[in-house]
Amino acid sequence: MPIIGLPSHRRTPAHVSKLSKRELNTSLALSSVVGLRMFGLFLIMPVFTAYALHIPGATPLLVGLAIGIYGFAQALLQVPVGLISDRIGRHLTITVGLLVFVVGSVVAAMAHGINGIIVGRVLQGMGAVSGASQALAADHSRDDNRSKVMGIIGVSIGLAFILAIILSAPLAAIAGLPGLFGLTAVLALGAIVLLWIVVPRPEQRRAPAAAHGGEVLRMLVKPQLLVLNASIFMMHTMLTAAFVALPLMLARNTGITLDRQWELYLPVMLISAVVMGGVLRRVTSVAGSMRLILLCALGLGLALVGFSAAGHGHVLLWVAAIVFFSAFNLLEASLPSLVSRLAPQHMRGAALGAYATSQFLGAGIGGVMGGVVLQHLGLSAVFAVAAVLLVIWLPLLWWGRCRVIAAGTPVAA
């Protein structure tokens, strides 16, 4: 087993390996599946608030709930689905989850009011396959290369986000929210086809032993995993809250209308992708990754303060956006890699399920929090309140980093 707890300055080049042909092909194939599904989800995010506020019965609070309730449903099911994937295999588990997601998309597309969309979003969230998908990527990669594989998947998610930002407003103008939800259903069906055609099944399709609840709980209360799960919770709370207000803020304060907001997102996401590619290949140890997470958390908080203070100023807005999405993309690629490395192999699905639970719980709380603050305090306050989470997150990260360095060994040891 590689000594993944060794500080980066003590690692030699011999510890750093290149992706094998199988690892590269599998990561590219799986990134296509994940990217296709995430493209469908991202299509909704940039325009939902602006369109949903005009739906019968909609209020800022209910719109925030419609955004966030997807995350609550995901949070409830990620660990059970991860455990199931450890038992029956990743492919079958992911397929069933995607089919449930398709049903939810159809329900939301056919809804005539905000309550129907909320029901559809709940069903979408019940297709909780993020943990199983990340576990499948981990199954096909060696420890030293896992961050690279997760990075490739992270790039595909970033590209899906860029395309969604560019196409969201024009597609919504043509087909409205029902058309976007219908397209998400079609894309999820396409992801199922790609999963079975291009993604190979792991050589060992089932775990050597099924993990019991007590064993899973003992794993999850380890300080390393607690900090990582808390980190993904915080960053998705911040992201979702920000996107409740960001489309409206860009339109009202800066004059960047909904159909032109891709002009901001496109160069920002391209810069962030370059930053992510340059940084990730230089961070190979757990201790180094923890330092990176600490810096990225600080970057997210400062960027949110920048959004809040931007007003009508474009320069501050651009700088804040570059910092925010660069930090977010780095965290999105680094955190699941660390979880997969620190978890025992036969509980990898459960560990990544718990990670995804924290992620989507954060998205749920962020959506509701953003809706409440928007309704009562206004646009700028949404970003300011989200930034306050940094007061909790930074000390927790510092404590976790110290524990990781002191332990020097992975959870699986």
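**Cavity lining and a surface patch**

Me: How do the residues that line the largest cavity divide into nonpolar, polar and charged?
Reply: In this predicted model, the largest cavity holds about 800 Å³ of space, and 45 residues line it, the closest to its centre being Met-38, Leu-41, Phe-42, Gln-359 and Phe-360. Sorted by kind, the residues of that lining come to 30 nonpolar, twelve polar and three charged.

Me: Which helix gives the most to the lining of the largest cavity?
Reply: The lining draws at least three residues from each of domain 1 (23–199) and domain 2 (213–408), and among the residues closest to the centre of the cavity is Met-38. With ten residues, the element that gives the most to this lining is helix H1 (residues 21–52).

Me: Which elements give two or more residues to the nonpolar patch?
Reply: On the surface, Ile-84, Ile-88, Leu-92, Val-96 and Trp-196 make a nonpolar patch of about 420 Å², and of these Trp-196 is found in helix H6 (residues 146–198). The elements that give two or more residues to the patch are helix H2 (60–88) and helix H3 (90–110).

Conventions:
Residues are numbered from 1 along each chain as its sequence is written. This is a predicted model: local features need pLDDT of at least 70, side-chain atom pairs count only at pLDDT 80 or more; totals for chains, interfaces and linings use all residues. Side-chain values use heavy atoms; hydrogens and water are left out. On a 1 Å grid over the protein atoms alone, a cavity is a set of points where a 1.4 Å probe fits but cannot get out, and a pocket is an open set with protein on both sides within 12 Å along at least five of seven lines; lining residues have an atom within 4 Å of a point. Grid points are joined across faces, edges and corners, and a volume is the space filled by probe spheres set on the points. Helices (H or I, at least four residues) and strands (E, at least two) are DSSP runs, numbered from the N terminus. Ala, Val, Leu, Ile, Met, Phe, Trp, Tyr, Cys and Pro count as nonpolar, Asp, Glu, Lys and Arg as charged, and the others, Gly among them, as polar. Domain bounds come from an automatic or database domain assignment. Patches are made of residues with over 30% relative accessible area and no salt bridge: like charges are joined within 9 Å, nonpolar side chains (Val, Leu, Ile, Met, Phe, Trp, Tyr) within 5 Å. Accessible areas come from the Shrake-Rupley method with a 1.4 Å probe; for residues, only the protein chains shown count as cover. A salt bridge is a side-chain nitrogen of Lys or Arg within 4 Å of a carboxyl oxygen of Asp or Glu.
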